Amino acid sequence: MTTVAEQIVTALADLGVRTVWGVVGDALNPVTDAIRRQERIEWIGTRHEEAAAFAASAQAQLTGTIGVCMGTVGPGALHLLNGLYDAKKSHAPVLAICGQVPSAELGADYFQEVDNDAVFRDVAAFRHTVTAASQMPRVLEQAVQIAYAKPGVSVLTLPGDIGSAAVAKDSVVHITRVPAHLTPDDGEITRAVRLLDDAETVTMLVGAGARDCRDPLLELADRLAAPMVLTLKAKEGLEDGNPFQIGQSGLIGNPATREAFETADALLMIGTDFPYPEWLPDKTPTVQIDVHADHIGRRTPVDVGIVGDAGLSVTALLKRLRGKQDRTHLERARSDYEHWQSRQHRLTDPDFDHGLLGKVRSRLDNSEARIRPEALATLVDTHAADDTVFTTDTGMSTVWLARCVTMRGTRRLIGSFNLGSMANALPQALGAAALDRGRPVVAFCGDGGLTMLLGELLTALAHELPVKLVVFDNGRLGMVKLEQEQGGLPEFGTGLANPDLAAVAAAMGMQAARVTEPEQLEAAVRTALAAPGPYLLDVVTNPEEIALPPKTGVDQAWGFAIAKLKEGIGGRGAKS
């Protein structure tokens, strides 16, 4: 006899799923027992279901294989929500298996009963409560296939009496997964060629949707003599060795990208749903290429919209486009970018704050010569292996990674780049490490994010997941602090009364070190990265470090000055 739970677990193993994440309990006991008996799947029990969803999503993004997480009746299922929303917005195929009260009690306001189909309506492309074993394996097939097709989230709910119910003897699971390559419309390609050929200068904005067509993409940039602005997710695969890229735009960007946008006669967007229209050029003729039709024109008006596979579309353009002879636009953008990089690099020099320029700046933002976060990020970049998987918390940790870490070699990058959740870096790192315990995994953790899901340090220890957790410990919600001050508001509510995080980790049994002095930093980074097993490096960084975006207007600058004045008058420490 095969049960519903056994059929689900066997089918997942056949798909290539190697780990399932969650917290055990009641209605899902038949499923966890089936996992216990399934040699191909490892159960990883987290301390919070939110971490389980983040970990499963990270695995899906790294492998393309569906990630699986579980939460039992009521609160357990609800705790999955934030991680599942991140999976949805990251286009990660994830299956959430949720528990439910016994079938006979559905709708009776039973203990812990929650209507999962209603709760997950917005986050899940497919959601279904199994009410009879005869519905299997059809609903499982639908759940997995729809998660792959979106890609996105499916939620399968099992009442307490269903998991152990027997399925029909001839019941066989058939899951179809055929990747589609959407061919672009020839007429739209013709219109795009005409617009790009007529423009004297072109700037490209390239996203993760174009990562798999690197060579033709670089050929296109060369043909158009176009600087290439990369989204954060496009750093992976498109940053290293790319003579056309000029970094990121938005809050984490640099002045070169702003200038390249503003001086272009045409904008070419490929494989990106860049969510910040205020950073895109205004009224510039635009061509957008995306495999998702609903992405076309939703961030900025477009003149030509090409719905199609990025690689096929770029190849089609290359067959027809004339080359640009004048490369001044590209050369100026690259020069601006390299000049900005050199200025950023100065901040990573341990002696910077002692030089003339450093002393002037230090009076503003580092009067006590504390550790600059740029220095920490750069040292991690220098000493981390070329196959490292990086995860990063939302906020200033992402700024330092974007500006100081190069995605060279086979490095990978995962973050909450579309949802912008706190506390994602640690659980996503756990997911990455569980895929291959021999591959380096480094999490750029904010102190606020780490402490939000601090219990997951125990998950790393219990399951021997060798993550390296680099904590930017500035005692602040740094991005919120910057937002307040740019708006002319004094910093308020952002202060974090952190303990010695290394001591906390050590008390749990994890290797850890705390760094408070710049001269200690490089040796500490080397030690952390070389250590076997999980390791927490708590680096006390400068909370006043300024990371202004590339397009700071007079109003923002004035607001910052006013905020600093208010902080000085009101006394920031007592209320932050």
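**Salt bridges and a cavity: worked exercises**

The structure, a predicted model, holds 25 salt bridges. Let's work through a few of them, then look at the cavity.

**Exercise 1.** Find out which parts of the chain the salt bridge between Glu-42 and Arg-437 links.

*Solution.* Start with the contact: the closest N and O atoms of Glu-42 and Arg-437 are 2.9 Å apart. Next, place the partners: Glu-42 sits in strand β2 (residues 42–45), while Arg-437 is in the loop between α17 (425–435) and β14 (441–446). That makes it a link between distant parts of the chain, 395 residues apart. Finally, check exposure: Glu-42 is partly exposed at 26% relative accessibility, and Arg-437 is partly exposed too, at 34%.

**Exercise 2.** Work out how Arg-223 and Glu-219 are placed in helix α9.

*Solution.* The two side chains form a salt bridge, 3.7 Å from N to O. Arg-223 and Glu-219 are four residues apart in helix α9 (residues 214–224), so about one helical turn separates them. For exposure, partly exposed runs from 20% to 50%; Arg-223 comes in at 21% and Glu-219 at 41%, so both count as partly exposed.

**Exercise 3.** Describe the lining of the largest cavity.

*Solution.* First, the size: the volume is about 40 Å³. Then the lining: Ala-256, Glu-259, Ala-260, Thr-263, His-329, Arg-332, Ala-333 and Asp-336. Sort these residues by type and you get three nonpolar, two polar and three charged. Last, trace their origin: α11 (255–262) and α13 (328–346) each supply at least two, with the largest share, four residues, coming from α13.

Note on methods
Residues are numbered from 1 along each chain as its sequence is written. This is a predicted model: local features need pLDDT of at least 70, side-chain atom pairs count only at pLDDT 80 or more; totals for chains, interfaces and linings use all residues. Side-chain values use heavy atoms; hydrogens and water are left out. On a 1 Å grid over the protein atoms alone, a cavity is a set of points where a 1.4 Å probe fits but cannot get out, and a pocket is an open set with protein on both sides within 12 Å along at least five of seven lines; lining residues have an atom within 4 Å of a point. Grid points are joined across faces, edges and corners, and a volume is the space filled by probe spheres set on the points. Ala, Val, Leu, Ile, Met, Phe, Trp, Tyr, Cys and Pro count as nonpolar, Asp, Glu, Lys and Arg as charged, and the others, Gly among them, as polar. A salt bridge is a side-chain nitrogen of Lys or Arg within 4 Å of a carboxyl oxygen of Asp or Glu. Buried means under 20% relative accessible area, exposed over 50%, partly exposed in between (1.4 Å probe, protein chains only).
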